[in-house]
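Work through the exercises below with the sequence and the coordinates open. Each task is followed by a solution in steps.

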Amino acid sequence: MPSTAPDAETTAPSNAPIKKLPVELLGEIFMWTLGDWGMMTDEPPRLLLEPLTLSHVCVHWRSVAISIPMLWAAIWIDRPRAAHIHMVELWVERSQSCLLSIHLRQTDPKSRLSFPASIEHDLTDEILTLLIPHLHRWHVVEFLFSADAQRPLTSLPVDEATALEHVALHVDSWDAAVAESLQTALYSRPSLRSLHLMPASNLKCVQWKQLTHLVAVPECTLDTCLGILASCPTLSSATFTCSAQPDWAHTPFSYPDQYLTLPSLVDISLKASRIDLSPFFNRLTLPALRSLALDYCHVPRATPDHQSLHNLLDRSGCALEFFSLHETARICDENRPIAFLQTPHLSSLLVLELRVDITDKIIHFLTFGAERAPTLPNLTDMSLTDNRGDHISDVALAQMILSRLAPPDSSSSTACLRFAELHLRLQSHSNCAILADSCRDDLELRFTPLNCFCK
């Protein structure tokens, strides 16, 4: 008997508002469904099928989805499966001539979600065989291989990769000679502007002078960080993992004796492992710096890095807009975060992220008061996460939030807090009524109470 269930197109009312949207606007909404993608490490195996899902809602949506090549230009493959083969064929066809963003990651052999390596290796070969004829469209490439060398890449016609702009390549499990050959081919492309350095990367073939974005995953010394920065005069964004341990590879970099000025560096993120960052700050002048993220793992005692940072900001004359301080170790020093924040050079700050041992003293420091000049007067976004889980005064927290909400008729020159994300343990435990009562409609508040085991 034929099914009597109507399809989605016939069930939708003809006057439904969604049907009145211009095709261009509906297509823009479709593009927003793609979200962020990239170097996933902890997600379970899955397929990113948002474009396919949209195209199966109704006849109209299918027509719109298929008519937007950019919607199909991101190919995300996590732990290759047989289902990926048809997916790649479909995405390549429907993306037409658009530049491609390709993420392909094999299973970590140490993972509990491990899939037989031989099967993944063969499936990866099939996927690459489908993608290589479109090498001229490769724009963003992230290849994380855990198996042996993939045959289609050993003779890659790399001269055809004329649009390649970003590369992340993990080939630590490959034969050293084959791995070096592929890295040399990809890292030396004249179009390359962004590089994600993985363990065992070959640094000799990188065209440093043309890079604008760099992420260095392996730990390196401060001298090497400075040497890399000195080799990248046009860099606008950099991420380093700094350590006192020896470098992961031979680094022929040298850094100048005097200050190193990087006129284009806007964003820098540093993860420091048992190391003082003050020698790094003392060498730099960064006039364009707008965003700074510091992630400390095991902070050395009595480090002067906060004062060195103040000197850097003063020397650079920059207007910092984003500052993040993350300390994984419980150092029980509430004065340390305050020391970073109490410089007048952070008066331009718009966004603050603190993931430290939050205490009432830090909350009071962030509170506007008549007895002292406003702290961080331009702050509009705040994220506070407590590492240790001490109880914070709910009254003090509410007062801090209230102090940053300007009255509607206020003529104050300070900015009004618009967004606050809080991961704290309050004295009222899970009851945040006092916090909710203190807020207004013009503040987006996200409060997540930490687990409390008090009786």
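**Exercise 1.** In this predicted model, locate Thr359 and decide whether Thr359 counts as buried or exposed.

Solution.
- Step 1: Thr359 sits in the loop that runs between strand 13 (351–356) and helix 13 (360–365).
- Step 2: the relative accessibility of Thr359 is 12%. The limit for buried is under 20%, so Thr359 counts as buried.
- Step 3: leaving out residues up to four places away in sequence, Thr359 touches Glu334, Arg388 and Ile392.

**Exercise 2.** Find how many disulfides the model has, and explain the result for Cys242.

Solution.
- Step 1: a disulfide is a covalent bond between the sulfur atoms of two cysteines. The test applied here asks for a pair of cysteine sulfur atoms within 2.5 Å.
- Step 2: for Cys242, the closest cysteine sulfur belongs to Cys225, at 3.8 Å. That is too far for a bond.
- Step 3: by this rule the count is zero disulfides.
- Step 4: burial can be read off separately. Cys242 has a relative accessible area of 0% and is buried. Cys98, at 15% relative accessibility, also counts as buried.

**Exercise 3.** Place Cys220 in the secondary structure and state whether Cys220 is buried or exposed.

Solution.
- Step 1: Cys220 belongs to strand 6 (residues 213–220).
- Step 2: with a relative accessible area of 0%, Cys220 is buried.
- Step 3: Thr241 is 21 residues away from Cys220 in sequence, and the two C-alpha atoms are 6.4 Å apart.

**Exercise 4.** Identify which residues touch the most other members of the largest nonpolar core, then describe the surroundings of Trp138.

Solution.
- Step 1: in soluble globular proteins, nonpolar side chains tend to be buried together.
- Step 2: the largest nonpolar core holds 121 residues, and the members that touch the most others are Trp138, Phe240, Leu294 and Phe323. Helix 5 (residues 83–94) supplies the largest share of this core, six residues.
- Step 3: Trp138 lies in strand 3 (residues 138–144) and is buried, with a relative accessible area of 1%.
- Step 4: apart from neighbours within four places in sequence, Trp138 is in contact with Leu100, Ile102, Leu131, Ile132, Phe143, Leu153, Leu156, Ala163 and Leu164.
- Step 5: the C-alpha atoms of Trp138 and Ser101 are separated by 6.6 Å, although the two residues are 37 residues apart along the chain.

**Exercise 5.** Classify the crossing of helix 2 and helix 4, and list the residues that meet there.

Solution.
- Step 1: the axes of helix 2 (residues 23–32) and helix 4 (residues 59–66) come within 10 Å and cross at roughly 75 degrees.
- Step 2: angles of 65 to 115 degrees count as roughly perpendicular, so helix 2 is roughly perpendicular to helix 4.
- Step 3: from helix 2, Val23, Leu26, Gly27 and Phe30 meet His60, Trp61, Val64 and Ala65 of helix 4.
- Step 4: sorted by type, the residues of this contact are six nonpolar, two polar and no charged.

**Exercise 6.** Examine the phi angles of Gln96 and Leu376, and find where each residue lies.

Solution.
- Step 1: most residues other than glycine have a negative phi.
- Step 2: Gln96 is not a glycine, yet has a positive phi of about 55 degrees. Gln96 is in the loop between helix 5 and strand 2 (100–105).
- Step 3: Leu376, again not a glycine, has a positive phi of about 50 degrees. Leu376 lies in the loop between helix 13 and strand 14 (381–386), and is buried at a relative accessible area of 4%.

**Exercise 7.** Determine the exposure class of Val266 and name the residues that Val266 touches.

Solution.
- Step 1: Val266 is in the loop between strand 8 (260–261) and strand 9 (267–273).
- Step 2: a relative accessible area of 34% makes Val266 partly exposed.
- Step 3: not counting residues up to four places away in sequence, Val266 touches Ser236, Ala288, Leu289, Arg290 and Ser291.
- Step 4: Val266 and Leu292 are 26 residues apart in sequence, with 8.6 Å between their C-alpha atoms.

**Exercise 8.** Summarise the chain as a whole: how many helices and strands are there, and what share of residues counts as buried?

Solution.
- Step 1: the chain has 15 helices and 17 strands.
- Step 2: of its 455 residues, 48% count as buried.
- Step 3: among contacts between residues at least 6 apart in sequence, 73% join residues at least 24 apart.

Terms used
Residues are numbered from 1 along each chain as its sequence is written. This is a predicted model: local features need pLDDT of at least 70, side-chain atom pairs count only at pLDDT 80 or more; totals for chains, interfaces and linings use all residues. Side-chain values use heavy atoms; hydrogens and water are left out. Helices (H or I, at least four residues) and strands (E, at least two) are DSSP runs, numbered from the N terminus. Buried means under 20% relative accessible area, exposed over 50%, partly exposed in between (1.4 Å probe, protein chains only). Contact means heavy atoms within 4.5 Å. A nonpolar core is a set of buried Ala, Val, Leu, Ile, Met, Phe, Trp, Tyr and Cys residues joined through side-chain atoms within 4.5 Å. Axes are lines fitted to C-alpha atoms, for helices over the stretch in contact, and angles run from 0 to 180 degrees between N-to-C directions. Angles under 35 degrees count as roughly parallel, over 145 as roughly antiparallel, 65 to 115 as roughly perpendicular and the rest as oblique. Ala, Val, Leu, Ile, Met, Phe, Trp, Tyr, Cys and Pro count as nonpolar, Asp, Glu, Lys and Arg as charged, and the others, Gly among them, as polar.
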